Amino acid sequence: SRDEAEALVGSQFVIERSQRRELEQGEWWVEDMVGCEVVDIDGQSVGRVTDVVVGAAQDRLVVETPDGKRAEVPFVDPLVPDVDMVMRRITVDLPIGLVE
């Protein structure tokens, strides 16, 4: 019922990692991205992913730079051309000024 559904607002449901579905090519679990190194297309360090903001239109990687600044990088193909979860490395191609 509606009342029963409203009682669940704010609840969080979890399952064991072993019960997750197999991911398709180009899919990643949000929590697995946290901690990944972020490098530019030349392989130079940009920082680390500290969070992923899930949005209605697009998700954003929250990147903390080595000097402690934070920036949100839209998680779209032109800006994030490669995600290597084996190496835990995300390659970005950012316009000047997006992350400083």
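Reader: Which residue of β2 is the bridge partner of Glu-37?
Author: In this predicted model, Glu-37 has Arg-48 in β2 as its bridge partner.

Reader: Why are β1 and β2 said to pair?
Author: Pairing requires at least two bridges between the strands. β1 and β2 have three bridges, so they satisfy the condition; their sense is antiparallel. In the hairpin of these strands, four residues lie between them, and Gly-43 takes a positive phi near 85°.

Reader: What makes β1 and β6 a pair, and in which sense do they run?
Author: Four bridges join β1 (residues 37-40) to β6, against a requirement of at least two; the two strands therefore pair, and they run parallel. Among the partners are Val-38 with Ile-90 and Asp-40 with Val-92.

Reader: How many bridges hold β5 and β6 together, and in which sense?
Author: β5 and β6 pair over three bridges in the antiparallel sense. Val-83 stands opposite Ile-90 in β6. The hairpin of β5 and β6 has four residues between the strands, and Arg-88 takes a positive phi near 55° there.

Reader: Which residues touch the most other members of the largest nonpolar core?
Author: The core has 16 residues, of which Leu-61, Val-73, Val-80, Ile-90 and Val-92 touch the most other members. β2 (45-53), β3 (60-64), β4 (70-74) and β6 (89-92) each supply at least two residues, and the largest share, three residues, comes from β2. In soluble globular proteins, nonpolar side chains tend to be buried together. Beyond its neighbours within four places in sequence, Ile-90 is in contact with several residues, including Val-49, Leu-61 and Val-80.

Reader: Why is the pair of Trp-28 and Phe-75 called edge-to-face?
Author: Ring centres must lie within 6.5 Å for a pair, and planes over 60 degrees apart count as edge-to-face. Here the centres are 5.7 Å apart and the planes stand at 75°, so both conditions are satisfied. Trp-28 lies in the loop between α1 (2-6) and α2 (30-33), and Phe-75 in the loop between β4 and β5 (82-84), so the pair ties together parts that are 47 residues apart in sequence.

Reader: Are Trp-28 and Phe-75 buried, exposed or partly exposed, and why?
Author: Buried means under 20% relative accessible area and exposed means over 50%. Trp-28 has 29% and Phe-75 has 24%; both values fall in between, so each residue is partly exposed.

Terms used. Residues are numbered from 1 along each chain as its sequence is written. This is a predicted model: local features need pLDDT of at least 70, side-chain atom pairs count only at pLDDT 80 or more; totals for chains, interfaces and linings use all residues. Side-chain values use heavy atoms; hydrogens and water are left out. A nonpolar core is a set of buried Ala, Val, Leu, Ile, Met, Phe, Trp, Tyr and Cys residues joined through side-chain atoms within 4.5 Å. Buried means under 20% relative accessible area, exposed over 50%, partly exposed in between (1.4 Å probe, protein chains only). Contact means heavy atoms within 4.5 Å. Rings of Phe, Tyr and Trp (its six-membered ring) pair if their centres lie within 6.5 Å; planes under 30 degrees apart count as stacked, over 60 as edge-to-face and the rest as tilted.
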